[in-house]
Amino acid sequence: MMIQKHEAHELPSALEKLHELKTQLQGKTPAVFLDYDGCLTPIVKRPEMAVLSDYMRAALQDLASVTKVAVVSGRDRQNVEQLVKLDNLYFAGSHGFDISGPDGMASEPGGAKAALPALDKAEIILQEKLRHVAGSQVERKRYAIAVHFRNVPDEQVENVRNAVNEVLDAMPALKIGHGKKIYELKPNLDWHKGKAVLWLMEELGLNDSQYIPLYIGDDITDEDAFAALQGHGIGILVGEHDDKTAATYQLESVEEVRVFLEDLTATIKKQNNG
Ligand SMILES: O=P(O)(O)OC[C@H]1O[C@H](O[C@H]2O[C@H](CO)[C@@H](O)[C@H](O)[C@H]2O)[C@H](O)[C@@H](O)[C@@H]1O
């Protein structure tokens, strides 16, 4: 299938088109997949500052009481679990390479284990190379390394990129990924958030006409999920990123995401009560 892409500003607002969306949902239960940074929490200066609000946590808890909810993040899976603090959700960390869920579900379906030695080595080299680049931050996740340059002066960002390129040139087991003011080193494998969402749909028995997948995210890595669901699910982009999008609706902010999720929960509850 040819993936349709649009500029973010061309997309209709999911809140303004709630009626149209509800028509798509009629009789079906949405399985909800959510990105973390930029979707459930606003983008902030440093990763450790992106704390989930109590309001958003309550909205997620309520939604998870009526349908399956998964957080699909570039973050380390354990880290995002600790930030969300809800035990009835599914979590896919390291861009989908590391998945957990209620009742002890634990799987690493992308086959990234073989890349661990390369990731360990890359982490050490990057820490050393970037030691003197003020504002840079190396964030290790089980199956990825984010090199942050949000707080690096513009004239030094090239030094960060050069360090990342040198490591990648020496390590064919890893590849580059992009995000908001980060370079990511990931296992050089054909696995991403889109494949993780399809895997979860299959694993949770949701590939049935009764369910419809709904994915909300803000970043370039979420495009794999929007593309994977195009034609048989709903993709909602939060804000915008530097590229065209395969999402079909848009929400302006994290606050709009919360309002949308609360409305979705109310719709499912109404549907369930006949
Ligand atoms: O897939 P996500 O859950 O959206 O994770 C993507 C990356 O998010 C984090 O970095 C981004 O958010 C930080 C906090 O707001 C911000 O400081 C940074 O500039 C953003 O790129 C996270 O730290 C990364 O590990 C994730 O890959």
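A residue counts as buried here if 20 or more other C-beta atoms lie within 10 Å of its own, as exposed if 12 or fewer do, and as partly exposed in between, with C-beta atoms placed from the backbone. Keep that in mind for the tour. What you have open is a predicted model, where local features need pLDDT of at least 70, side-chain atom pairs count only at pLDDT 80 or more, and totals for chains, interfaces and linings use all residues. Numbering starts from 1 along each chain as its sequence is written.

**Stop one: helix 6.** Select residues 193-203, which form helix 6. Helices (H or I, at least four residues) and strands (E, at least two) are DSSP runs, numbered from the N terminus. Color Lys 193, Gly 194, Lys 195, Ala 196, Val 197, Leu 200 and Met 201: these are buried. The buried residues of helix 6 pack against strands that include strand 1, strand 2 and strand 10, and also against helix 7 (223-229); contact means C-beta atoms, placed from the backbone, within 7 Å. Just after helix 6, click on Gly 205, which takes a positive phi of about 70°.

**Stop two: strand 1.** Now select 29-34. Of the 6 residues in strand 1, 5 are buried, so the strand is largely enclosed by the rest of the structure. Look at its neighbors, bearing in mind that two strands pair if DSSP finds at least two bridges between them. Strand 10 (residues 211-217) runs parallel to strand 1, joined by 6 bridges, and Val 32 has Leu 214 as its bridge partner there. Strand 2 (residues 69-72) also pairs with strand 1 in the parallel sense, over 3 bridges; find Leu 34 opposite Val 71.

Add helix 2 (residues 54-64) to the view: strand 1, helix 2 and strand 2 make a right-handed β-α-β unit. Right-handed means that, with the strands pointing away from you, the path from the first strand over the helix to the second runs clockwise.

**Stop three: the two domains.** Color domain 1 (8-110 + 192-272) and domain 2 (112-187) separately; the bounds come from an automatic or database domain assignment. Their centres, taken over C-alpha atoms, are 26 Å apart. At the junction, 19 residues of domain 1 are in contact with 18 of domain 2.

**Last stop: the ligand.** Which residues come nearest the ligand? Among the 24 around it, they are Tyr 36, Asp 37, Pro 47, Ser 73 and Gly 74, where near means a C-beta atom, placed from the backbone, within 6 Å. Strand 6 (137-141) and strand 7 (144-148) each give two or more residues to this shell. Both domains contribute to the shell, so the ligand lies between them.

Note on methods. Contact = placed C-beta atoms within 7 Å.
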